[in-house]
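Me: Could you take a close look at the ligand site in this model for me? I'd like to know what lines it and how the ligand is held in contact, and then how the rest of the protein looks around it.

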Amino acid sequence: MKTVGVVGAGTMGNGIAHVFAQSGWTVALTDLSAPLLEKALATILANLDRLVKKGAATAEARDAALARIVTGTDLGALADCDLVVEAATEREDLKFRLFEQLDGLAHPEAILASNTSSISITSIAARTKRPERVIGMHFMNPVPVMQLVEVIRGQATSDSTTVLVMDVARELGKTPVEVNDYPGFVANRVLLPMINEAVFCLMEGVASAESIDTVMKLGMNHPLGPLALADLIGLDTCLSILEVLHEGLGDDKYRPCPLLKRMVAAGHLGRKSGRGFYSYEK
Ligand code: NAD
């Protein structure tokens, strides 16, 4: 396996293309428009440049990695890929349609992976005629920096697909961890209730945002407090993952905090909107 298709060139897709290209894979990166792809290539170049400046990569390696990435808006360009990693917008209907299309155009042996944070791999796989070759490859943000890849086995994912994808993750210099397909997998099932509880603490006046984050940073050795982390993830994303946990596991312990809902309704989404639990206005 040496040719990968990446669907979606946003925050995660450009990082995924970057790490594959750096490991010698040929990458076909697709998105909906040329400007989105140009922006992704500019981000990849800036991130590779940073590695060169730090002495972690040579200028030749940077140029070779960039030369291995081919961009385009036609999904058909992924027909010859050994592996496809889908990193498009987190919407169930969109991912279902994409996997139906990818199943129709990719060669029968190709593995189709999704980077979804919360959508069931089993349901995505059921849209294809190759559910045994569909798997979750959940990279963390920022992809070139973060060590973990959560590898999610759907109900029908085969042992051989899992072994291959774990090996690919290792080849990228990552540490894969195999988990089963339940709502939120492991990362978000454990992380989001902690963030939600921090928002309840803030709503109930237990402490200020700064104090809650300081307790978790200095007391638990977390590099970032839960409220600052929520701002980084995006409060709308946090809310939608909590809704998936609440609905999928049917337990009220996952009910999203009313303050989180109110902030999302107000458009206070964290860093990306300039305001969340903290202010990022310039
Ligand atoms: P994003 O909004 O930054 O990027 C998504 C990209 O997908 C956009 O550029 C969009 O134009 C493109 N897209 C939409 N429909 C498409 C289609 N039909 N074909 C090709 N491209 C299409 O989102 P993101 O944060 O990169 O998230 C992507 C995926 O990664 C989601 O499933 C998300 O849950 C998951 N994820 C995100 C994070 C994170 O921290 N952002 C972490 C882990 C996993």
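Reply: Sorted by class, the shell around the ligand comes out as 9 nonpolar, 9 polar and 3 charged residues. Bear in mind that this is a predicted model. In total, 21 residues surround the ligand, and the closest of them are Met12, Asp31, Glu90, Lys95 and Ser117.

Now for the polar contacts. Met12 turns up again here: a polar atom of its backbone sits 2.8 Å from an oxygen atom of the ligand. Thr11 also uses its backbone, with a polar atom 3.0 Å from a ligand oxygen. With Asn141 it's the side chain that takes part, where an N or O atom is 3.2 Å from an oxygen atom of the ligand. As for cover, the ligand on its own has 830 Å² of accessible area, and the protein covers 79% of that.

Which elements give two or more residues to the shell? They are helix 1 (11-22), helix 4 (92-105) and strand 6 (134-139). Helix 4 supplies the largest share, with 3 residues.

Strand 6 also gives us a way into a spot worth a look of its own. The loop between helix 5 (121-125) and strand 6 holds Thr128. Is Thr128 buried or exposed? Its relative accessible area is 8%, under the 20% cut-off, so Thr128 counts as buried. Its side chain has two backbone partners to note: the oxygen of Ala125 at 2.7 Å, and the nitrogen of Arg130 at 3.2 Å. If you skip the neighbours within four places in sequence, Thr128 is in contact with Phe99, Asp103, Leu112 and Val134.

Zooming out, the protein has 11 helices and 8 strands. Its radius of gyration is 19 Å, close to the 19 Å that the globule rule gives for 282 residues, so the protein is as compact as a globular protein of that length. Along the principal axes, the C-alpha atoms fill a box of roughly 55 × 45 × 35 Å. Of the 282 residues, 47% count as buried. If you take contacts with a separation of 6 or more, 65% of them are between residues 24 or more positions apart. On the outside, the protein exposes about 13,500 Å², and carbon and sulfur atoms supply 54% of that area.

How values were computed: Residues are numbered from 1 along each chain as its sequence is written. This is a predicted model: local features need pLDDT of at least 70, side-chain atom pairs count only at pLDDT 80 or more; totals for chains, interfaces and linings use all residues. Side-chain values use heavy atoms; hydrogens and water are left out. A residue is near a molecule or strand if one of its heavy atoms lies within 4 Å of it. A polar contact is a pair of N or O atoms within 3.5 Å; within protein, one must be able to donate a hydrogen and the other to accept it, and residues adjacent in sequence count only if both atoms are side-chain atoms. Accessible areas come from the Shrake-Rupley method with a 1.4 Å probe; for residues, only the protein chains shown count as cover. Helices (H or I, at least four residues) and strands (E, at least two) are DSSP runs, numbered from the N terminus. Ala, Val, Leu, Ile, Met, Phe, Trp, Tyr, Cys and Pro count as nonpolar, Asp, Glu, Lys and Arg as charged, and the others, Gly among them, as polar. The radius of gyration is taken over C-alpha atoms; the globule rule is 2.2 Å times the number of residues to the power 0.38. Buried means under 20% relative accessible area, exposed over 50%, partly exposed in between (1.4 Å probe, protein chains only). Contact means heavy atoms within 4.5 Å.
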